[in-house]
Every structure is written in structure tokens, then in C-alpha cells.
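Welcome, and thanks for opening the viewer. Please walk me through this model by telling me what to select next and what I will find there.

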Amino acid sequence: MVVGVLAGAGCVTQPGVVTQGPPPGGSEVVEKYQVGVDDTLSVSVWRNPELSVNAVVRPDGMITVPVIGDVVAAGKTPEEVAEDIRERLSRYIRNPQVAVSVTRLVSNAYLTRVRVTGAVVQPVSTPHRPGMTVLDAVLEAGGVTEFAAPDNARLYRKVDGKINAYPIHLKQILQKGDLSTNYELLPGDIISIPERSF
């Protein structure tokens, strides 16, 4: 995905469209977490500790729960998995109360990262943190190099299934304190800083 996005950095209409104004959303619009392969789930059944279990999601997307057997977990939210388990357990016990939580996230380790590429001291792929901004990510990459064209930087973000490119005036952020394009980042965002033409 990174290669495909960055290939469009020179010609911003493919795959993304340069869009004026701030990109949509901040950390508050992150979609609900969907369980993936290798995540560890804690299944808790109230007043039935013998049915409670910690389970790693197998490559087939399933976990095994006592009494009811295999349950599809991958691609669902923890709440949806809990509801499936509750429905199936209701055949054996009255009004089961089920809670499912993710105790170890593995599957989204790369999907939720923020990446900074191009004319920076050290390109990085770093875990997203709530409240993280463009400036935070660029500083984590060691800042721009002497060959950078910081005001031609772009933020690439997937919106409604398409990659959009948003201008970042990085020189204005770094040298003048103009934070108008110091956008709050979302998981999966890519910041690309090109080199200037000589």
C-alpha cells in the first residue's frame, strides 16, 4: 500500500486527489476495532467462570469457547463476538452475560501505523497515538533534510475507499509556527516530503 501511495506522490491525481482544506476527522473518527488473526481475546461469562477463556484468534479466524466450540472472531468487533457467543450460550444457560475484550493486539500492528517518507533524516513507521500530529511524526523522523521541499509535503489518507492527498505547509509549521496544516493524524496516514528541484 505504501508503494502504491508514494508512486502517486509525483502525480498527485493518481491515486489521490489533492484536496484543499483540512482532511476529515481526528482521533475521534477512528472506526471501531475489528478483531484479526493472532489477536488475543478475553471471553468472560458472568457467574460462569468455567466458560470464561483467553483465546488467540487462529489463522481460520476462529476462537474456541467451552461448550459451544468454534466462534468466528476475525473481522468482527469485540461486541459482535460477544453477542454471537451470548446467542449460542443461551441454548445451554439462561440469559448469559458475555463480555469480550482484546487483551493483545497483533493483527492491526501495521495497519494502524503512521509513516513518514521522503526527505527526512530517518524515514519512520511508528505506532499511531491519539492526538498525534504532523509535527509529532516529522520530529520523530528526525526532521527534514537540507534537500527537502517542506512546503510541498503531502498527507495521504484513505477516505471512503480512496486515497486523498492533502497539502502540508511544513516550512510554515517549522519556521513560522503556522499550525494551520499541522493536522491531527489517523492510523494509516502517510506523510511524504519531496526533495526540492535544483
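**The sheet**

Switch to a cartoon view and pick out the open sheet: 3 strands make it up, in the order β2-β1-β5, with antiparallel pairing. Keep in mind as you go that this is a predicted model. Now colour the edge strands, β2 (53-56) and β5 (98-104), each of which pairs on one side only. If you turn the view, look for the twist, which averages 25° from one strand to the next.

**Between β1 and β5**

Next, select residues 40-45, which are strand β1. How many bridges join β1 to β5? There are 6, and the two strands run antiparallel. For a landmark here, show Val43 as sticks: opposite it, in β5, stands Val100.

**The helix across the strands**

Now add residues 78-89, helix α2. This helix lies across β1 and β5, and runs at about 140° to β5.

**A stop at Val102**

Stay with strand β5 and select Val102, which is found there. Is Val102 buried or partly exposed? Its relative accessibility is 22%, so Val102 counts as partly exposed, since buried means under 20%.

Which residues does Val102 touch, not counting those up to four places away in sequence? Show Tyr33, Val35, Asp39, Thr40, Leu41 and Pro78 to see them. Of these, Thr40 and Leu41 fall within β1 (residues 40-45), and Pro78 is in helix α2 (residues 78-89).

For a last distance label, pick the C-alpha atoms of Val102 and Val56: they are separated by 9.8 Å, while the two residues are 46 residues apart along the chain. Val56 belongs to edge strand β2 (53-56).

Key:
Residues are numbered from 1 along each chain as its sequence is written. This is a predicted model: local features need pLDDT of at least 70, side-chain atom pairs count only at pLDDT 80 or more; totals for chains, interfaces and linings use all residues. Side-chain values use heavy atoms; hydrogens and water are left out. Two strands pair if DSSP finds at least two bridges between them. Helices (H or I, at least four residues) and strands (E, at least two) are DSSP runs, numbered from the N terminus. Axes are lines fitted to C-alpha atoms, for helices over the stretch in contact, and angles run from 0 to 180 degrees between N-to-C directions. Contact means heavy atoms within 4.5 Å. Buried means under 20% relative accessible area, exposed over 50%, partly exposed in between (1.4 Å probe, protein chains only).
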